[in-house]
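Work through the exercises below with the model open. Try each task before reading its solution.

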Amino acid sequence: MTGYGKAETIFRGRKLVCEIRSLNSKSMDLSVRLAAPLRAHELELRAIVNQRLERGKVDLVICEDSGMNDSDAGYTPVNWDVAKIYAEQYKTQFACDAIPDAVMAAILRFPDVLKIQEDHSDLSDEEWSSVQNLLNRSIDAFIAFRTQEGAALQAMFTQKLDGIAELLSQVEPFEKGRVAKIKERLEQNLSALSAQSAAEIDRNRLEQEMIYYLEKLDITEEKVRLTNHIKYFRETMDSEGSGVGKKLGFIAQEMGREINTLGSKSNQSEMQIIVVKMKDILEQIKEQVLNVL
């Protein structure tokens, strides 16, 4: 949901700049800062942004470019009316007809002399249309930025999912020998018992308990579910519409459940190392899912 868009236009002889920035947020959180002539139209401008952007912590700024050259703007940055008032006050105060150059230079540096008087008159239909066009062009650039970022995220997700799938395939060789090793270890422990204790063991009940124990360690279901979650994640990335990011977040949570279960059932150091690698990749996916709408 991060993004940036910028557009410019000439408004009443000055350069007007519109910038939109966005960070992650579960809902629409819009902050607006406008040039003085546009403040009366804040609600309309908010409505345009809310209609075109789904969610995010969005900052909208429409202001005049103070760094514009005088020749480009078509106006002088000196407010001569205010400067004349100061000059007349100086002449009256000191009873002189001329103003020294040093005094005039000081007057011209006064903040209210250099500050351009803002035009607060109502916007004409043509001006309002120009402002709307400026905002929409900025949003277009913003959406293009998001689209580019989304393509990069999809490529990253695909790479990470391939990594988890590859690690899952590495579990299979350890899984085949795992049951035999566990059964062999149990048999060794039984053989270490005394002859009297071994004679008292009910072999049929022992076999039943071993089968139950080994079934509890079986990870076939977890592997199937994790594979299905990976497939569903890929399909969801290719889908259109709102709420895709939230859905990907839910799928990532379910993938985490299956990976955690694999780890608790592994009972083997090699498999646990693989599970840790899966968790590391999944955390990277979860972090970036927050950037998806």
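Three exercises on a predicted model follow.

Local features need pLDDT of at least 70, side-chain atom pairs count only at pLDDT 80 or more, and totals for chains, interfaces and linings use all residues. Residues are numbered from 1 along each chain as its sequence is written, and side-chain values use heavy atoms, without hydrogens and water.

**Exercise 1. Take stock of the fold.**

Step 1: count the elements. The protein has 11 helices and four strands (DSSP runs, H or I of at least four residues for helices, E of at least two for strands, numbered from the N terminus).

Step 2: check burial. Of 293 residues, 35% are buried (under 20% relative accessible area, 1.4 Å probe, protein chains only).

**Exercise 2. Test the length of helix α10 against its expected span.**

Step 1: helix α10 covers residues 244-266, which makes 23 residues.

Step 2: the expected span is 1.5 Å times one less than the number of residues. For α10 that gives 33 Å.

Step 3: the end C-alpha atoms of α10 are 33 Å apart, so the two values agree.

Step 4: look past the helix. N267 follows α10, with a positive phi near 55°.

**Exercise 3. Describe the largest pocket.**

Step 1: take its volume. The largest pocket holds about 580 Å³ (space filled by probe spheres set on the grid points, joined across faces, edges and corners). A pocket is an open set of points on a 1 Å grid where a 1.4 Å probe fits, with protein on both sides within 12 Å along at least five of seven lines.

Step 2: find the lining (residues with an atom within 4 Å of a point). It has 24 residues; R146, T147, G150, V292 and L293 lie nearest the centre.

Step 3: assign elements. α6 (125-191) and α10 each give two or more residues to this lining. α6 gives the most, nine.

Definitions and conventions:
Buried < 20%, exposed > 50% of the residue type's maximum accessible area, 1.4 Å probe, protein only.
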